[in-house]
Amino acid sequence: MSICLRRVLFSPVKQVTRLRLSLSVNMSMKAVVIHEYGDSSKLSYEDVPVPEPGPDEVLIKNQFAGLNFIDTYVRKGIMKIVQPGGIMGFEAAGTVEKLGSSVQGLSIGDRVAFAFMGSNAYAQYSKVATKYAVKVPDQLTMEQAASTLWQGFTAHAFACSSYPIKAGDKILVHAAAGGVGSLIIQIAKNAGAFVIGTTSTEAKAAKARESGADEVILYSQKDFVEEVNRITDGKGVNAIYDGVGKTTFLKNFNCLARRGTVVAFGGASGPADPLDVGILAKGSFYVTYGVNFHFVEDPAEYSQRAKELFNWLAEGKLKFSGGITVVPLSDVKKAHDMLEGRQTTGKVLLQP
């Protein structure tokens, strides 16, 4: 009799669960698709099928997706990481909705964040390999989690690996009010470095100072090379972090200390002009171009960097001084235009 009771009581629950999961697979969701490369008008907000996770994947219901400058390169076709017909976005945070058959260490309802190429983050749901889904500490909001990993991986990789900042270093950070710039400043200050930042406006300079910059140069009013050499008594800085590109790259070598390093990682002002390697002989300089996913390809390294970033946030060692701006996913075109027009500070999130 007890066996019959169990069948009556538990079978309907299992059927409802199966039905709910089946519906989630067959239902559609909103996502941002790029059908052809170009300006922001090429971003299409439309219905697509909800993805089905594989054995080692989870289905995540995204609460926020991160907007990053690399997304504009993808949209334009400069970086063909997303092919026409694909979903945009590489970073998001949300809750686990469904588990693949082989998944261990995660449960439905877990708060997680992820950041990797091909994650299709501009959507209500994303399927994500378990190795990329990092649990979000209870002390952090989902807005913080969605704002952390992509730019955090970039800042962590470049400031801790490309040129590991140490106590006593003098550092120059271009676009110091931006998401990556503000994080590099904070990592540098935590390491005991002296930091100089460049920004275009006084409002952005104030944001850079909030992040801890010791000196801020308004490049729209003063030549940053002259100012850096003045501040350092002509000795230059040990490292320069440059996500601006064309308008700054070659000039960097005129304010770099002996055996100094330029870490280039973007081109907000356009692609950098070609480098004559003879320039490096002026001070036995080093130059590297960093791409953050090269530093997190290994799952162990991905996990270690993510956990360290989340811990720094939870401990108050990292803060988003530029603030977080939330834009509806349906307004993705506006968000891209804001980013390219340098109308943002801090982090922009898209809310599905």
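Arg 75, Lys 76 and Glu 340 are linked in a network of salt bridges. The model is predicted. It holds 15 salt bridges. Three of them are listed here.

| Salt bridge | Closest N and O atoms |
|---|---|
| Arg 75 and Glu 340 | 2.9 Å |
| Glu 91 and Lys 347 | 2.8 Å |
| Asp 223 and Lys 251 | 2.8 Å |

Start with Arg 75 and Glu 340, whose side chains meet in a salt bridge. Arg 75 lies in helix 2 and Glu 340 in helix 8, so the pair ties together parts that are 265 residues apart in sequence. Arg 75 counts as buried, at 1% relative accessibility. Glu 340 is partly exposed, at 25%.

Next come Glu 91 and Lys 347, which also form a salt bridge. This pair links strand 5 to strand 16, 256 residues apart. Both residues are buried.

In the third pair, Asp 223 bridges to Lys 251. Each sits in a loop, and 28 residues separate them. Asp 223 is partly exposed, with a relative accessible area of 28%. Lys 251 is partly exposed too, at 31%.

Now the strands. An open sheet of three strands has the order 2-1-4, with antiparallel pairing. Strands 2 and 4 are its edges, each pairing on one side only. Two bridges join strand 1 to strand 4. Here Ile 34 is partnered with Gly 86.

Strand 6 pairs antiparallel with strand 5 over five bridges; Gly 94 is matched with Val 112. Strand 6 also pairs with strand 8, over two bridges, where Ala 113 stands opposite Val 134. Four of the five residues of strand 6 are buried, so this strand is largely enclosed by the rest of the structure.

Conventions:
Residues numbered from 1 in each chain as written. Predicted model: local features only at pLDDT ≥ 70, side-chain atom pairs only at ≥ 80, totals over all residues. Heavy atoms only, no water. Pairing = 2+ DSSP bridges. Buried < 20%, exposed > 50% of the residue type's maximum accessible area, 1.4 Å probe, protein only. Salt bridge = Lys/Arg side-chain N within 4 Å of Asp/Glu carboxyl O.
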